[in-house]
Protein chains: 4
Amino acid sequence: MAVEEKEVGFLGLGIMGKAMATNLLRNGFKVTVWNRTLSKCDELVENGASIGETPAAVVKKCKCTIAMLSDPSAALSVVFDKDGVLEQICSGKGYIDMSTVDADTSSKINEAITSRGGHFIEAPVSGSKKPAEDGQLVILAAGEKALYEEAIPAFNVLGKRSFYLGQVGNGAKMKLVVNMIMGSMMNALSEGLVLASTSGLDPWNLLDVLDLGAIANPMFKMKGPTMIQNSYSPAFPLKHQQKDMRLALALGDENAVSMPVAAAANEAFKKARSMGLGDLDFSAVFETVKVLQHQS
Amino acid sequence: MAVEEKEVGFLGLGIMGKAMATNLLRNGFKVTVWNRTLSKCDELVENGASIGETPAAVVKKCKCTIAMLSDPSAALSVVFDKDGVLEQICSGKGYIDMSTVDADTSSKINEAITSRGGHFIEAPVSGSKKPAEDGQLVILAAGEKALYEEAIPAFNVLGKRSFYLGQVGNGAKMKLVVNMIMGSMMNALSEGLVLASTSGLDPWNLLDVLDLGAIANPMFKMKGPTMIQNSYSPAFPLKHQQKDMRLALALGDENAVSMPVAAAANEAFKKARSMGLGDLDFSAVFETVKVLQHQS
Amino acid sequence: MAVEEKEVGFLGLGIMGKAMATNLLRNGFKVTVWNRTLSKCDELVENGASIGETPAAVVKKCKCTIAMLSDPSAALSVVFDKDGVLEQICSGKGYIDMSTVDADTSSKINEAITSRGGHFIEAPVSGSKKPAEDGQLVILAAGEKALYEEAIPAFNVLGKRSFYLGQVGNGAKMKLVVNMIMGSMMNALSEGLVLASTSGLDPWNLLDVLDLGAIANPMFKMKGPTMIQNSYSPAFPLKHQQKDMRLALALGDENAVSMPVAAAANEAFKKARSMGLGDLDFSAVFETVKVLQHQS
Amino acid sequence: MAVEEKEVGFLGLGIMGKAMATNLLRNGFKVTVWNRTLSKCDELVENGASIGETPAAVVKKCKCTIAMLSDPSAALSVVFDKDGVLEQICSGKGYIDMSTVDADTSSKINEAITSRGGHFIEAPVSGSKKPAEDGQLVILAAGEKALYEEAIPAFNVLGKRSFYLGQVGNGAKMKLVVNMIMGSMMNALSEGLVLASTSGLDPWNLLDVLDLGAIANPMFKMKGPTMIQNSYSPAFPLKHQQKDMRLALALGDENAVSMPVAAAANEAFKKARSMGLGDLDFSAVFETVKVLQHQS
């Protein structure tokens with residue numbers, strides 16, 4: 001995928017994939033798309049994309065193929081099933097999985113691709129629909145360095161920044177670390193909001209003060225107001241946040257890293273699940289902190 | 001201190017007080033200053049300030065006096081000692097204590113001032129030397145509303161934003177809540193940095209990724225690099241951070257607010273104290289998370 | 001109170017005090033009793049006790065006086081009020097406060113007694129009504145060693161074991177340490193019972209298995225069955241348990257002792273208070289662990 | 001294995017297995033033994049045991065076979081390897097695995113045995129060498145109820161009590177729950193001992209006071225003195241305790257059980273591992289609580 005070629009396959013046209021493939025087209029890439037429900041390809045075709053009938057067909061046609069699938073099982077299916085990526089991957093062809101999957105899934109795909117002589121990087125992203133549309137994703141790539149370098153022109157279109165993080169699995173690990181910090185911070189905000197309210201302070205004032213200081217951050221600014229209004233429309237479901245904290249703690253366990261704050265946050269998210277809040281936004285952990293009665 | 005008057009007393013010319021009094025002078029206020037070591041007044045006098053020989057003399061001269069003192073004992077001494085504020089405070093005079101003190105200290109001063117007919121607000125600030133010089137402090141005022149409103153012209157010079165938070169004590173409480181959240185976040189960052197390192201990720205990459213995402217904040221950006229370099233020059237001493245977490249947890253205890261993440265963070269700061277790190281920067285809590293050996 | 005004399009004053013005839021004074025009478029002590037409601041002395045008088053009209057009168061008559069009062073304010077009142085202990089305490093007279101009070105209260109009483117030449121020990125007990133009746137209390141004495149030694153004959157009647165713990169305040173501290181461990185253990189049991197139930201195990205089986213192993217203890221045996229039955233009749237109110245955990249953590253804070261498990265347990269007791277369970281037995285912390293829903 | 005028969009196979013003659021098989025012989029059972037190192041069978045043969053050349057040979061000869069192996073891999077190997085249990089198991093034959101293994105291992109063995117028509121229970125024990133020799137084990141059996149009932153005469157010889165806990169896996173789960181509670185209690189004791197010492201109390205007094213009260217238990221009595229002497233000769237290695245806490249927390253995670261105290265204890269055990277204490281006794285978690293310096 002040297003700059004002169006700018007040809008790429010693209011598997012998976014969900015909310016993220018569609019926005020990303022559209023960006024590639026807009027920036028002069030020739031894109032061959034595939035989606036399980038083929039009708040979702042229509043809009044891309046109107047914008048100049050070609051269609052591949054199967055993942056294998058896309059890989060056969062393109063030197064380099066990007067995938068953006070909804071979950072680990074979809075990521076595995078596209079590679080291993082009949083008419084899947086494995087049937088055509090070979091020496092000289094690259095496969096870039098930008099789906100968010102666990103390290104195990106990524107490893108399995110990596111082994112299968114490379115054992116057939118193919119090249120592989122995982123490249124999960126930070127950022128959702130809007131950054132995807134705006135080409136403002138943050139890309140956490142790991143795997144074969146040469147393929148990463150080949151992919152830079154595409155990554156420059158898709159994201160505001162890409163990182164090369166070393167061996168396969170490191171992209172997934174980096175996401176876990178970031179999400180673990182985020183989960184602890186969400187608990188810190190929740191505790192602060194409740195402490196403010198019960199102490200006679202206006203929680204809206206707290207949000208304003210926070211936003212003017214050294215710990216001001218977009219998440220507090222975005223989630224704080226909806227939390228005060230007990231609104232937890234799921235941008236990132238709580239049960240997924242808790243799963244990531246569990247996996248981050250397990251990663252720490254392998255190397256004897258004691259993380260008492262993350263552990264306490266994890267238990268709070270579990271408590272939220274036990275209250276039936278697992279499908280709401282992860283900010284619903286706020287509910288676990290609220291004071292129910294005051295009598296003693 | 002209506003706009004037409006713009007006359008104010010100022011007690012305490014430490015790093016913060018000097019910057020603040022200078023700002024008032026620059027913005028057209030007539031300022032009468034006092035400092036325990038009177039020689040520290042010289043520079044202010046060159047810039048147009050008058051000198052008061054004692055706190056009482058300043059209060060006698062000025063309708064409204066601001067204090068910015070180093071700690072609760074200094075704040076109490078300036079009010080209650082011989083030649084102190086109390087000797088001249090009376091109906092029609094206002095006293096604004098912008099020092100960072102605990103709620104008890106603030107209450108004592110409030111009672112003494114108001115029992116003599118004086119007017120009082122506490123107005124602790126968020127921000128240190130640089131924001132003080134730039135008039136970019138955040139001011140957390142509480143106490144008599146009328147005095148707060150009178151003080152707005154001065155606050156507009158000293159800070160980028162001022163809040164009126166209700167009854168005396170609420171300024172101190174708001175600082176505790178903010179510092180509690182900050183302490184939990186510092187632990188979250190520490191745990192993330194160690195988890196990254198032990199998992200084969202570059203902690204500098206983690207800082208870059210964090211800075212591009214939803215939880216990007218000035219503290220991570222400022223402290224992260226020095227932590228990776230094990231440098232803990234004390235901007236905010238760890239023992240003070242731990243004291244604030246203890247007080248915040250105690251505030252929660254009064255109203256039965258369970259805050260497991262702040263409690264875990266508090267214990268980590270205590271651990272750091274037990275390692276002899278209390279006088280270093282609060283980011284030295286990082287040392288408590290580090291893995292010492294790996295053998296089992 | 002050498003063996004030959006065996007004469008003692010006794011202030012406070014509540015449930016505990018009455019049982020203790022009765023035991024002293026039964027074992028050959030001459031006892032002069034006082035109680036705020038004097039009618040409560042009748043039964044003791046039938047058993048051979050004399051009556052003192054006031055605490056001062058008791059102290060005047062007896063070389064050594066024991067007090068067993070309901071709380072710190074009663075303990076202070078008996079000493080400092082009109083007709084109180086202080087009016088007659090003097091060189092050669094001893095005062096033994098066996099009430100459960102905080103270290104501050106104990107120190108105040110100690111200072112007042114000793115500044116008048118009197119002798120003082122605090123001697124809080126472990127054990128409630130039944131052990132008091134059976135002379136099976138555990139006595140945690142601290143203060144003047146000579147008075148402790150003089151009191152041993154009485155302590156041998158009242159308790160199965162007495163400890164001399166050093167300076168005044170150490171009795172209260174020892175109780176805090178024990179109660180802190182107890183509070184963490186109660187949480188451990190609560191978590192285990194819920195984990196068993198949700199994992200398809202019978203919690204009654206868990207209690208049986210626990211009782212046969214290395215961690216078998218009377219508290220698990222006594223509280224386990226009532227917890228499974230959601231019965232929390234208050235033997236030791238949860239709010240008092242939480243207060244003791246708070247004080248124990250504060251004691252640790254003074255010396256930078258990080259106690260993450262006690263801190264987590266303390267937050268769980270706070271959560272229970274926030275659910276309105278503060279007046280129930282401390283085993284009601286079990287309610288905070290229960291799983292409410294399972295859907296995600 | 002009805003009472004009249006009292007014939008049983010026994011696989012594995014380590015410390016535990018040898019004691020158990022010896023007990024069966026002493027109590028009138030005809031026992032056919034096998035051990036990977038056959039020479040270890042000699043002593044049993046002197047006491048009247050027969051030898052089986054392979055696990056398969058033992059199963060062929062006996063209606064019911066007990067296994068007591070060192071770890072999951074040994075437990076799997078004896079069943080699945082050449083000349084293993086599976087080669088002879090069949091309808092009418094029972095297999096009782098008393099090794100301590102995880103639920104997965106137990107399930108695999110169960111499926112293999114029952115798919116060949118055999119009968120299976122897992123029956124891990126609580127108790128080590130001495131209780132095994134004295135027939136004082138606690139047996140946590142789960143699996144086919146009929147086989148459990150058949151095994152009762154043997155269990156009565158081996159243990160002071162046996163429990164039937166339902167489906168396969170429940171024996172392992174019960175051990176996890178018990179060990180989780182034990183791990184939290186060990187942390188509670190560690191924190192209490194350090195708090196006592198730093199507060200001017202004698203930790204030996206604390207142990208005495210604990211042993212006289214409602215939370216007295218054999219573990220405190222046994223481990224407390226060695227902890228005070230910083231002696232951690234490994235009876236139960238810390239890394240295994242931490243693994244059990246991890247697995248117990250994972251079990252809770254499946255059902256959204258929030259267990260903040262166990263989670264805090266788990267992080268303390270991880271901290272101990274990070275200090276290189278994983279191979280010492282689990283009471284070495286005490287080292288994580290100790291205060292290193294006091295200056296601030």
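**Interface between chains A and B**

In this predicted model, 100% of the interface residues of chain A are also interface residues in chain B, so the two copies meet through the same surface. The contact draws 60 residues from chain A and 60 residues from chain B. About 5,000 Å² of area is buried between the two chains, and carbon and sulfur atoms give 75% of this area.

The arrangement of the copies was examined by superposition. A turn of 180 degrees, with a shift of 0.0 Å along the axis, lays chain A on chain B with an RMSD of 0.0 Å. The two copies are therefore related as by a two-fold rotation axis. Among the residues of chain A, A:Asn217 comes closest to this axis, with its C-alpha at 2.5 Å.

Polar interactions were also found between the chains. Across the interface of chain A and chain B there are 10 residue pairs in polar contact, both residues of each pair being at pLDDT 80 or more. Two salt bridges cross the interface; one of them joins the side chains of A:Arg161 and B:Asp208, with an N to O distance of 3.5 Å.

On the side of chain A that touches chain B, the elements giving two or more residues are strand 8 (137–143) and strand 9 (159–164), together with helix 8 (170–198), helix 9 (203–211), helix 10 (218–228), helix 11 (238–254) and helix 12 (260–274). Helix 8 of chain A supplies the largest share of this side, 19 residues. By residue class, the side of chain A that touches chain B consists of 40 nonpolar, 14 polar and six charged residues.

Note on methods. Residues are numbered from 1 along each chain as its sequence is written. Chains are lettered from A and ligands numbered from 1 in the order in which they are written. This is a predicted model: local features need pLDDT of at least 70, side-chain atom pairs count only at pLDDT 80 or more; totals for chains, interfaces and linings use all residues. Side-chain values use heavy atoms; hydrogens and water are left out. Copies are superposed by least squares on the C-alpha atoms of residues with pLDDT of at least 70 in both. Contact means heavy atoms within 4.5 Å. Buried area is the accessible area (1.4 Å probe) that two parts lose on being put together, summed over both. A salt bridge is a side-chain nitrogen of Lys or Arg within 4 Å of a carboxyl oxygen of Asp or Glu. A polar contact is a pair of N or O atoms within 3.5 Å; within protein, one must be able to donate a hydrogen and the other to accept it, and residues adjacent in sequence count only if both atoms are side-chain atoms. Helices (H or I, at least four residues) and strands (E, at least two) are DSSP runs, numbered from the N terminus. Ala, Val, Leu, Ile, Met, Phe, Trp, Tyr, Cys and Pro count as nonpolar, Asp, Glu, Lys and Arg as charged, and the others, Gly among them, as polar.
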